[in-house]
Amino acid sequence: MSKYSMFRLLREGLTGNRGWGQAWRSPTPKAAYDAIVVGGGGHGLATAYYLAKNHGITNVAVIEKGWLGGGNTGRNTTVIRSNYFYPESAALYDFSVRLYEGLSQDLNYNVMFSQRGMLMLAHSEPEMEMAARQCNAMRLNGLDAELLDRDQVRRLAPVLNFRDDARYPVHGGVIQPRGGTGRHDAVAWGYARAADALGIDIIQNCEVLDFITEAGRCVGVTTSLGDIRGGVLGAAVAGHSSVLAQLGGYDLPITSYALQAFVSEPLKPVLDTVVLSPATGTYVSQSDKGGLVIGGGLDRVPSYGQNGNMPVQETVLGGLAEMMPALAKVKLLRHWGGIVDVTPDSSPIIGPSGVEGLYLNCGWGTGGFKAIPAGGYFLAHLMANGAHHEISRPFDLTRFETGMLVDESAASGIPH
Amino acid sequence: MQVFTCPFCGPRNETEFHFVAEAGKVRPDTTQPISDAEWATYLHTQRNEKGPVREVWMHTTCAELFVMQRDSVTMAVLGTQALRKDGS
């Protein structure tokens, strides 16, 4: 891998940008690897990278049915945060935020992590009390959090609705200053380039059709490019986790839904933080190109169709018009849907699948992007050691049997 | 905007309907001992199929439950039937 640097940028700029070369290879798959990762999104590529970097396992294949980062990694709203209520979740997601903080240097690829703050609004006095509770919980979890009153929110984001007749008046909010946004594609490409440089084979346009099982142990996959055997397997396929589970013969407590997002036409700077209104479920940030990146709640209908529908669009965009009436006439540039894997407690599943030799990283629901470094780190740890890291242990699949749920949906009252 | 057909009220706007559960799940016999694993399977495990699915929905306007067949990829509705045996 040739290193990206300011010097290199200058040299290539002066010589017609002809010397960059490919960022990663497109190898034909070998018959066998030490480890196979199914899914070439952020989580899968990060898993491969940490297998090589942390555990010295470089004879690894990442198998992707489409193109890299073409699923939810390319379909999210790029928010990175760890403002969680329970200690288990805070430990997991803040591990991810800390990895993100050093990721551009680590990967030698600019993932454009901009720590512009993640602000959650409160619209009434009771909501302010809950905001204080959230703020205190976050601080007890070792996270950065500040409780803001109405004037402080107004200084931070004057574009919000401070009119006297607002349906949801702003009473204040909680901000996590270390939260922010990243460049979604760069996260996938950065991990891919760094993993490839460590010798990992990234195989695109190769669909897993079945698992190869011998004596109860998963020993490989049948793909559209033939059989590939692996010493240990990991699956990080988000919304399609249940489809793989059916092939592998294990059960998952997952329901797949579409999650929609929107980008507006480019505007002059109006908002330099990420704002979420729990009342409307709408959240918004402004990208470096000026477009408003708008997200909201889950669809109402279980779905594998990667597209949107009108009722949820009305809710999300109505929420935006309420939050920021000045932006009500902004035009949308595009909108899309991704398929997210939602668990009963809105917390992820990291751990053994129930089939020997096959480990899972799924169930992130609506919040997988911010967790990419941690998801990859802990799946790699499991695949290399066959045992949990302390931080990933509470997220084992067995929690649905023991009842030790990490119920973040109940803790926050909003979908994560 | 999609139209779903309530077996009792006829074609209505999709926003009048609420997804309840996958069809065909049977509650374990609670007069017999039930293992944690069986109970967890009943509570949490989902088939979550890609393609044709069979689900229980509620038409919130008339508050009746019914079965809907649809395609989870194309979102096409393939049919709806009352849960009541006599179809009334």
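When I speak of contact this morning, I mean heavy atoms within 4.5 Å of each other. Please also keep in mind throughout that what we are looking at is a predicted model.

With that in place, let me begin inside chain A, where 31 residues of domain 1 are in contact with 28 residues of domain 2. The domain assignment builds domain 1 of chain A from residues 28–107, 184–253 and 345–412, while domain 2 of chain A takes in 118–179 and 255–341, and the C-alpha centres of these two domains lie 28 Å apart.

How much area is buried between domain 1 and domain 2 of chain A? The value is about 2,400 Å², and carbon and sulfur atoms give 51% of that area. On the side of domain 1 of chain A, the residues that lose the most area to domain 2 are Arg75(A), Thr77(A) and Phe85(A), which together make up 27% of what that side buries.

Turning to the polar side of this interface between the domains, the count of salt bridges between domain 1 and domain 2 of chain A is two, and 15 residue pairs are found in polar contact across it, both residues of each pair being at pLDDT 80 or more. As for which elements take part, strand E3 (79–80), helix H3 (87–101) and helix H8 (241–248) of chain A each supply at least two residues of the side of domain 1 that touches domain 2, and the largest share of that side, six residues, comes from H3(A). Sorted by class, the side of domain 1 of chain A that touches domain 2 of chain A has 14 nonpolar, twelve polar and five charged residues. Within chain A you can also look for the salt bridge that Arg178(A) forms with Glu101(A), where the closest N and O atoms are 3.1 Å apart.

Let me now move on to the partner chain, and start with its own make-up. Chain B has one helix and six strands, and if you read along its sequence the pattern is β-β-β-α-β-β-β. The C-alpha trace of chain B spans about 45 × 30 × 20 Å along its principal axes. Its average pLDDT is 93, with 97% of the residues scoring at least 70; among the elements of chain B, helix H1 (residues 36–44) has the lowest mean pLDDT, 94, and strand E4 (residues 52–59) has the highest, 97.

How, then, do the two chains meet? In the model, 24 residues of chain A are in contact with 21 residues of chain B, and the two chains bury about 1,900 Å² between them, of which 56% is on carbon and sulfur atoms. In chain A, the residues losing the most area to chain B are Arg300(A), Tyr304(A) and Glu401(A), together 29% of what that side buries.

Which side chains meet in a salt bridge here? They are those of Glu14(B) and Arg300(A), at 3.9 Å from N to O, and the count of salt bridges between chain A and chain B is one. Across this interface, eleven residue pairs are in polar contact, again with both residues at pLDDT 80 or more. On the side of chain A that touches chain B, H8, strand E12 (255–266), strand E15 (291–302), helix H9 (310–323) and helix H11 (399–402) each supply at least two residues, and by class that side has twelve nonpolar, seven polar and five charged residues.

Terms used
Residues are numbered from 1 along each chain as its sequence is written. Chains are lettered from A and ligands numbered from 1 in the order in which they are written. Side-chain values use heavy atoms; hydrogens and water are left out. Domain bounds come from an automatic or database domain assignment. Buried area is the accessible area (1.4 Å probe) that two parts lose on being put together, summed over both. A salt bridge is a side-chain nitrogen of Lys or Arg within 4 Å of a carboxyl oxygen of Asp or Glu. A polar contact is a pair of N or O atoms within 3.5 Å; within protein, one must be able to donate a hydrogen and the other to accept it, and residues adjacent in sequence count only if both atoms are side-chain atoms. Helices (H or I, at least four residues) and strands (E, at least two) are DSSP runs, numbered from the N terminus. Ala, Val, Leu, Ile, Met, Phe, Trp, Tyr, Cys and Pro count as nonpolar, Asp, Glu, Lys and Arg as charged, and the others, Gly among them, as polar. pLDDT is the predictor's confidence in each residue, from 0 to 100.
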